[in-house]
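Reader: I would like a close look at a single strand, and then at how the rest is built around that part. Please keep it brisk, and spell out the cut-offs.

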Amino acid sequence: MLDAATLYQDLILDHGRRPRGYRFPEHANCEADGHNPVCGDRLTVKIREEDDVVVDVGFQGSGCAISTAAASTMTEAVSGKTRSEVLALAQRFRALVTGQIDPSEARDLGKLAAFAGVSKFPMRVKCATLAWHTLVAALEGDTGATTETDE
Amino acid sequence: MTNSAPTSVAIRESGRMRRRQPDLDVERVRSEFPALRQQVNGKPLVYLDNAATALKPQSVIDAVVRAYSEDSANVHRGVHTLSQRATDAYEASRETVADFLGAASPAQVVFVRGTTEALNLVAQSFARPRLGPGDEVLVTGLEHHSNIVPWQLVCKQTGAQLAVAPITERGEVSIAAVQSRLSARTRIVAVAHASNALGTVLPVREICAAAHAVGAKVVVDGAQAAPHLPIDVTTIGCDFYAFSGHKVYGPTGVGVLYGRGDLLAAMAPYQGGGDMIESVSFESTRFKPPPHRFEAGTPHIAGAIGLAAAIDYVQGLGWEAMHRHETRLLSSATARLLGVPGLQIVGRAADKIGVLSFVLEGVHPHDLATIADLEGVAIRAGHHCAQPVMDRLGIVATARASFALYNTSADVEALHRAVLRAQEIFS
């Protein structure tokens with residue numbers, strides 16, 4: 001049976017309460033706004049990218065614990081990674097929260113593995129993926145992302 | 001219909017005797033709603049999302065099953081027996097709805113898909129040919145998107161302007177606020193009878209009088225009011241009234257547009273097709289009179305029959321007893337939640353239906369709704385298709401519990417426990 005701890009792991013509660021990377025990097029050179037029209041969550045992700053590497057990244061906005069914690073852990077996970085590493089990680093994260101990979105295969109995801117429980121709550125998948133959609137949009141030069149293009 | 005013989009009790013009030021309906025027998029009512037007999041996440045279902053859609057009593061389910069299993073035929077067409085029975089049942093449903101609304105004639109009742117389609121029908125068939133640049137359509141600040149967007153579309157098509165009567169901090173729309181936005185330019189006033197996001201009941205009667213004084217026509221969105229308040233379109237004085245079947249314990253996919261007879265008669269069809277014509281040639285087509293002019297194609301026959309069964313059901317229980325029950329639930333839930341530290345109720349109108357919108361410090365409404373669901377408590381979280389209301393009150397979303405006739409004080413306690421549980425997890 002589902003219980004709250006399946007979704008709200010301590011790490012998620014912690015990052016939801018005290019988000020890391022909740023600031024915009026100086027000299028950011030890509031950014032995008034993300035919006036989940038179903039629940040009204042909104043956030044902006046800004047990145048400073050140098051030579052194909054995410055040198056600095058941050059976000060601001062308002063959302064539920066899941067979307068805030070996902071954005072917070074995302075900023076930690078992608079810092080210092082190359083663009084292609086970040087895009088691959090975004091895909092892995094999406095596969096994790098939609099239940100396409102088993103949590104046991106997700107050890108390489110580190111803290112992000114805490115989001116495995118989201119797959120048991122289909123109504124909350126878009127909360128977890130909002131920041132990642134926005135990040136990808138920023139890297140690909142789009143100005144905005146919406147969860148409604150999620151399939 | 002399934003109600004036992006009413007045993008009215010006399011109570012003494014203000015020094016004189018008046019008859020009072022007996023209290024609602026909630027346990028019996030609950031036994032008539034099969035969806036309540038289930039567990040969600042291992043807990044008995046506590047259904048508090050009635051403003052989104054209401055559960056269905058067995059009598060409605062049976063009526064729909066009967067329509068398909070016995071009288072399954074098309075209406076207004078065949079000469080055969082089944083078609084005659086289906087037509088009779090469909091048209092009898094129209095009479096039930098007319099009676100429910102206090103309409104003078106069943107011809108004033110148009111079956112549509114729901115409130116949204118009813119409002120779009122009025123916008124396109126009534127408003128569009130009558131609006132032009134310089135004209136205004138007035139809505140209020142607490143409308144559902146479905147009573148905003150059809151008017152925006154028709155304004156764009158005609159060059160008319162959309163005006164908005166503001167709401168107060170408490171979520172009320174005063175008659176003065178409406179009057180301040182009314183002018184000789186106002187052609188249409190489109191207002192909710194009750195707000196889905198905050199529960200506020202609007203002074204629709206006074207709004208109609210004020211609108212008519214400047215020559216405007218009034219469209220009332222009754223989606224939220226129809227399940228909770230006795231409706232009399234003649235007393236309200238509105239020109240159009242819309243509601244949905246599924247919120248009054250009836251089927252989804254069916255709803256009603258009431259329109260004043262002279263207005264409907266002067267309106268062009270909304271959609272073209274079969275069943276709405278008297279004669280068709282390639283040169284010209286003669287349309288049927290209302291209501292059939294507005295019901296192109298095969299209608300939702302079983303839906304209309306189910307809706308009539310739902311109306312019979314609620315009328316059998318009695319409005320006064322239902323209203324008293326729901327008012328009690330709303331006030332006990334309000335008091336219970338106000339006792340939770342950090343909880344703020346959004347929408348404190350003096351006159352409300354059983355809708356309780358709230359925000360809890362440190363817990364986002366979506367997280368609250370997920371945790372409530374794990375406790376078996378179904379509530380809604382979000383902007384409730386009323387983003388302008390949220391913007392006006394400076395919030396993104398609320399959690400919303402909405403009550404119906406089968407809810408109990410135990411449901412209120414379950415909601416209270418779920419809120420405390422969410423607060424504990426996020427403390």
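Author: What follows starts at one strand and then widens to its chain and the partner chain.

Residues are numbered from 1 along each chain as its sequence is written, while chains are lettered from A and ligands numbered from 1 in the order in which they are written. This is a predicted model, in which local features need pLDDT of at least 70, side-chain atom pairs count only at pLDDT 80 or more, and totals for chains, interfaces and linings use all residues.

The strand is β11 of chain B, residues 240-244. Strands here are DSSP runs of E with at least two residues, helices are runs of H or I with at least four, and both are numbered from the N terminus. β11(B) is mostly covered, with 5 of its 5 residues buried. Buried means that 20 or more other C-beta atoms lie within 10 Å of the residue's own; 12 or fewer make it exposed, anything in between partly exposed, and the C-beta atoms are placed from the backbone.

Now the side chains. In a regular strand they alternate between the two faces of the sheet. F240(B), A242(B) and S244(B) point one way from β11(B). Y241(B) and F243(B) point the other way. Both sets are buried.

β11(B) pairs with β10 and with β12 of chain B. Two strands count as paired if DSSP finds at least two bridges between them. β10(B), residues 217-221, runs parallel to β11(B) and is joined to it by 3 bridges. There V220(B) stands opposite Y241(B). β12(B), residues 255-259, pairs in the antiparallel sense, over 5 bridges. Here F243(B) faces V256(B).

Step back to the domains. Their bounds come from an automatic or database domain assignment. In chain B, domain 1 covers 9-37 + 318-425 and domain 2 covers 61-315. The C-alpha centres of these two domains of chain B are 27 Å apart. Across the boundary, 20 residues of domain 1 of chain B are in contact with 21 residues of domain 2 of chain B. Contact means C-beta atoms, placed from the backbone, within 7 Å. On the domain 1 side of that boundary in chain B, α11 (319-338), β16 (355-360) and α13 (387-393) give two or more residues each. That side divides into 11 nonpolar, 4 polar and 5 charged residues. Ala, Val, Leu, Ile, Met, Phe, Trp, Tyr, Cys and Pro count as nonpolar, Asp, Glu, Lys and Arg as charged, and the others, Gly among them, as polar.

One residue contrasts with the covered strand. E95(B) lies in helix α3 (residues 81-101) of chain B. With 14 C-beta neighbours inside 10 Å, E95(B) counts as partly exposed. E32(B) is 63 residues away from E95(B) along the chain, and their C-alpha atoms are separated by 25 Å.

As a whole, chain B holds 14 helices and 19 strands. Half-buried is a fair reading: 50% of its 427 residues count as buried. Among contacts in chain B with a separation of 6 or more, 71% link residues 24 or more positions apart. The C-alpha atoms of chain B fill a box of roughly 75 × 55 × 50 Å along the principal axes. The radius of gyration of chain B is 22 Å, which agrees with the value near 22 Å for a compact globule of 427 residues. That radius is taken over C-alpha atoms, and the globule rule is 2.2 Å times the number of residues to the power 0.38.

Chain A meets chain B through 17 residues of its own and 14 residues of chain B. The chain A side divides into 12 nonpolar, 3 polar and 2 charged.

Chain A has 5 helices and 4 strands. From the N terminus, its elements run α-α-β-β-β-α-α-α-β. An open sheet of 4 strands has the order β3-β2-β1-β4 in chain A, with mixed pairing. β3 (53-62) and β4 (144-146) of chain A stand at the edges, each with a single partner strand, so one side of each lacks a neighbour in the sheet. The twist averages 20° from one strand to the next. β1(A), residues 30-36, runs parallel to β4(A), with 3 bridges. H35(A) stands opposite T146(A) there.

Helix α3 (residues 65-78) of chain A lies across β2 (41-50) and β3 of chain A, at about 165° to β3(A). Such angles run from 0 to 180 degrees between N-to-C directions, with axes fitted to C-alpha atoms, for helices over the stretch in contact. Of the 151 residues of chain A, 46% count as buried.

Technical notes:
Contact = placed C-beta atoms within 7 Å.
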